[in-house]
Amino acid sequence: MSILVNKDTRLVVQGITGKTGTFHTLQCIDYGTNVVAGVTPGKGGQLWEGKVPVCNTVDEAVKQHGANVSVIYVPPAFAADSILEAIEAEIPLVICITEGVPVRDMSEVRRRLYFHNTKTRLIGPNCPGIITPGECKIGIMPGYIHKPGRVGVVSRSGTLTYEAVWQLTQRGHGQSTCIGIGGDPINGTSQLDAVRMLNEDPDTDAIIMIGEIGGSAEEEACAYIKEHVKKPVAGFIAGASAPKGRTMGHAGAIVSASGAGTAEAKFAAMEDAGVSIARNPSEIADALLKIYKG
Amino acid sequence: MNIHEYQAKRLLQEYGVPVPRGYAATNSREVETAISHLGDDMIVVKAQIHAGGRGKGTFTDGYKGGVKVVKNREEALDAANHMLDNTLVTAQTGPEGRKVQTLYFTEACDIEHEYYLAIVLDRETAQSMIIASTEGGMDIEAVAEATPEKLIRVPISPTMGLRHYHCRRVAFALGFEGEQVKQFARILTGLYKMYWDKNAMLVEINPLVKTKQGQLMALDAKVSFDGNAIFQHPDIQQLRDLNEEDPKEIEASKHNLAYIALDGNIACMVNGAGLAMATMDIIQSFGGSPANFLDVGGGANEDQVTAAFKIILSDPNVKGILVNIFGGIMKCDVIARGIVAAAKNVDITVPLVVRLEGTNVEAGKQILRESGVALTPADSLVQAAEVIVAQVNSAG
């Protein structure tokens with residue numbers, strides 16, 4: 001079992017008729033995800049690929065098709081608007097795959113998520129999505145590398161997550177849920193949020209946390225792990241060799257001029273929290289299996 | 001995206017922030033015109049490069065100082081002749097320095113006190129943060145470290161925006177009184193509006209000065225914009241100075257490749273930003289030195305891979321290449337074909353190690369083996385890093 005998404009998930013795809021939306025939605029349906037509706041304003045009433053009804057608004061998708069999770073593939077200029085629409089439609093979980101969302105837009109979205117009556121958790125933007133192997137895949141990750149099991153994975157990076165998952169699967173260890181929280185400086189779900197959910201999930205026995213330089217999300221998660229997490233945790237941080245002041249591909253991956261957000265500080269926080277550290281990305285699964293036998 | 005001081009000051013002026021009268025120049029004729037617009041009196045001559053520490057910098061020919069306060073037009077002309085087209089090395093440029101292609105000439109003013117004022121995006125609270133200090137004119141990170149109590153921090157909610165009481169709060173904390181509180185409120189209001197309107201990530205006035213005549217004005221300014229929002233601001237796009245960017249990075253951006261030049265000798269080509277960083281890390285951990293960060297993205301095609309090889313090889317320091325791809329939805333055999341085609345297209349004269357993992361990896365490896373391209377396929381990332389570091393080191 002799992003957190004956030006499972007076989008009961010009823011997915012609506014915002015931006016379903018676009019090239020990216022179409023390609024990945026077909027893959028998700030192949031994996032077994034229950035896609036109940038799509039949203040493309042102005043194309044309401046059509047049937048996408050002959051099988052999924054298209055709505056004009058997210059509200060319609062909720063009321064007419066019972067959608068309870070949304071995934072967003074719209075271009076960056078419209079991403080914040082799509083997220084806000086999903087929040088107002090009271091969708092409990094919104095996953096924004098879109099890369100390149102202006103950070104000012106995200107600061108407004110994050111404000112909206114703080115409202116006392118907000119019912120939505122946002123994952124992303126700029127993330128690969130979330131998968132509960134064998135049940136539900138939402139996003140752009142390759143499904144077949146995963147295997148159902150009891151290790152939870154949270155990561156700021158897409159391909160690094162695939163590396164870790166693939167290592168686990170090849171060593172015979174499946175995953176409960178894998179969450180890509182995204183590489184942007186302002187996102188909806190933090191490392192801490194994800195670690196807490198995995199810690200509280202009775203079907204997750206061990207956790208892998210993959211971070212990057214920049215910000216303090218890993219340090220905050222480590223403070224929580226030190227206090228509250230009894231499950232085995234392994235971790236890796238990318239960017240030890242990155243120069244200060246340069247943004248390394250992900251907008252959030254930057255060591256500030258003052259030296260905040262270094263890999264060194266994050267590894268130290270992991271060490272302090274008793275996290276089993278992988279010093280290179282090939283050893284992420286092994287770092288976990290040193291302290292977790294499954 | 002960063003802009004020059006003179007561009008930042010023009011923007012500030014549009015938003016009602018007082019700045020000293022000034023003129024920019026890119027050649028000797030413009031230098032003369034600029035100087036003639038200013039009085040035959042104290043003039044400040046400022047080298048325009050996208051790096052801090054200009055005042056304490058040294059030019060490669062030994063001339064000291066990228067910011068000079070001079071007594072008259074003649075001295076201004078002399079300083080300009082030393083600076084223009086000369087290379088300035090500062091604490092932030094690296095040892096190679098930056099060629100000065102624009103100068104900025106401004107009136108000097110009588111300074112009574114220097115303050116610091118900035119608005120930045122604060123990641124932790126996901127809000128804008130006003131940062132101010134009575135200790136202006138120096139490195140704010142040093143102030144933050146030595147005397148954190150002197151740093152005034154006021155968060156601004158993106159939905160409420162900047163209010164009058166925010167302005168008053170900062171003004172009083174900086175010790176302003178009477179007319180200066182109003183002046184400061186106008187400056188902060190303009191600064192915030194510019195920050196918000198233009199999707200800035202940072203606007204910084206350091207120093208904001210109080211003159212002996214009691215006027216507040218911005219003596220230096222730094223602005224950087226959110227690259228993700230730049231498409232909404234054609235006026236800001238025009239301020240981009242390609243001279244300040246690495247030509248390889250400019251070329252890469254044309255092909256939608258995220259490339260950052262570094263100073264090592266092992267080039268990498270990777271899909272995904274996190275994996276690209278991790279690949280650099282592992283090269284370093286085996287005693288090698290990465291020549292670049294390069295993320296070819298999740299759906300890289302043959303054209304992009306070809307462009308990536310060309311960009312990598314245009315760096316004369318590169319003595320070896322490590323390609324590290326995790327084939328997900330983009331399958332390994334497709335990627336392998338792209339690499340082979342690109343490698344045949346581009347004359348690769350340095351060792352090339354390719355590590356593929358993921359979907360259809362065996363088919364991918366077979367394509368690499370049978371391609372006839374001189375490359376070493378690697379079974380794991382550790383092995384790939386070991387091999388490329390060894391090959392580059394043995395080549396000397």
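## A walk through chains A and B

A:Gly261 sits in the loop of chain A that runs between β13 (233-238) and α8 (263-272). That makes a handy place to step into this model, which is a predicted one. Is A:Gly261 buried or exposed? With a relative accessibility of 7%, A:Gly261 counts as buried, because the cut-off for that label is anything under 20%. As for its neighbours, if you skip residues up to four places away in sequence, A:Gly261 touches A:Ile213, A:Gly214, A:Gly215, A:Val255 and A:Lys266. There's a link across the sequence here too: A:Gly261 and A:Ala217 are 44 residues apart along the chain, yet 9.1 Å separates their C-alpha atoms.

Now zoom out to chain A as a whole. Its secondary structure adds up to nine helices and 14 strands. The C-alpha atoms fit in a box of roughly 55 × 40 × 35 Å along the principal axes. How does the radius of gyration of chain A sit against that of a compact globule? For 294 residues, the globule value would be near 19 Å, and chain A comes in at 18 Å, so the two agree. Of those 294 residues, 63% count as buried. The contacts have a long reach as well: taking pairs at least 6 apart in sequence, 73% of the contacts in chain A join residues at least 24 apart.

On the outside, chain A exposes about 10400 Å², and carbon and sulfur atoms supply 50% of that. The charge tally is 27 positive and 30 negative side chains, and the centres of the two sets lie 2 Å apart.

One backbone detail in chain A deserves a stop. As a rule, most peptide bonds are trans. The bond joining A:Gly124 and A:Pro125, however, is cis, with omega at about 10°. You'll find A:Pro125 in the loop between β7 (121-123) and β8 (129-132) of chain A.

On to chain B. Here the count is 13 helices and 19 strands, and the C-alpha trace spans about 80 × 50 × 40 Å along its principal axes. The domain assignment splits chain B into domain 1 (21-107), domain 2 (111-237) and domain 3 (246-394). How far apart are the C-alpha centres of domain 2 and domain 3 of chain B? They lie 43 Å from each other.

The same kinds of totals can be read off for chain B. Buried residues make up 54% of its 396 residues. Of the contacts between residues at least 6 apart in sequence, 67% join residues at least 24 apart. The accessible surface of chain B is about 17100 Å², with 48% of it belonging to carbon and sulfur atoms. Chain B carries 37 positive and 49 negative charges, and the mean positions of the two sets are 4 Å apart.

For a close-up in chain B, try B:Gln101, in the loop between β6 (98-99) and β7 (103-107). B:Gln101 has a relative accessible area of 27%, so it falls in the partly exposed class, which runs between 20% and 50%. Leaving out residues up to four places away in sequence, its contacts are B:Ala25, B:Thr26, B:Leu84, B:Asp85 and B:Asn243. B:Gln101 also has B:Asn27 at a C-alpha separation of 8.0 Å, although their positions lie 74 residues apart along the chain.

Chain B has its own backbone details. The peptide bond from B:Asn206 to B:Pro207 is cis, with omega near 10°, and B:Pro207 belongs to strand β11 (residues 200-211).

Then there's phi. Most residues other than glycine have a negative value. B:Ala126 is not a glycine, but its phi is positive at about 55°. B:Ala126 is in the loop between β8 (111-122) and β9 (127-133) of chain B. B:Asn256 also has a positive phi, near 65°, and its place is the loop between α8 (247-254) and β14 (258-261). Which of the classes, buried or exposed, does each of these two residues fall into? At 1% relative accessibility, B:Ala126 counts as buried, whereas B:Asn256, with a relative accessible area of 66%, is exposed.

Notes
Residues are numbered from 1 along each chain as its sequence is written. Chains are lettered from A and ligands numbered from 1 in the order in which they are written. This is a predicted model: local features need pLDDT of at least 70, side-chain atom pairs count only at pLDDT 80 or more; totals for chains, interfaces and linings use all residues. Side-chain values use heavy atoms; hydrogens and water are left out. Domain bounds come from an automatic or database domain assignment. Helices (H or I, at least four residues) and strands (E, at least two) are DSSP runs, numbered from the N terminus. The radius of gyration is taken over C-alpha atoms; the globule rule is 2.2 Å times the number of residues to the power 0.38. Buried means under 20% relative accessible area, exposed over 50%, partly exposed in between (1.4 Å probe, protein chains only). Contact means heavy atoms within 4.5 Å. Accessible areas come from the Shrake-Rupley method with a 1.4 Å probe; for residues, only the protein chains shown count as cover. Lys and Arg count as positive and Asp and Glu as negative; His and the chain ends are not counted. The place of a charge is taken as NZ of Lys, CZ of Arg, CG of Asp or CD of Glu.
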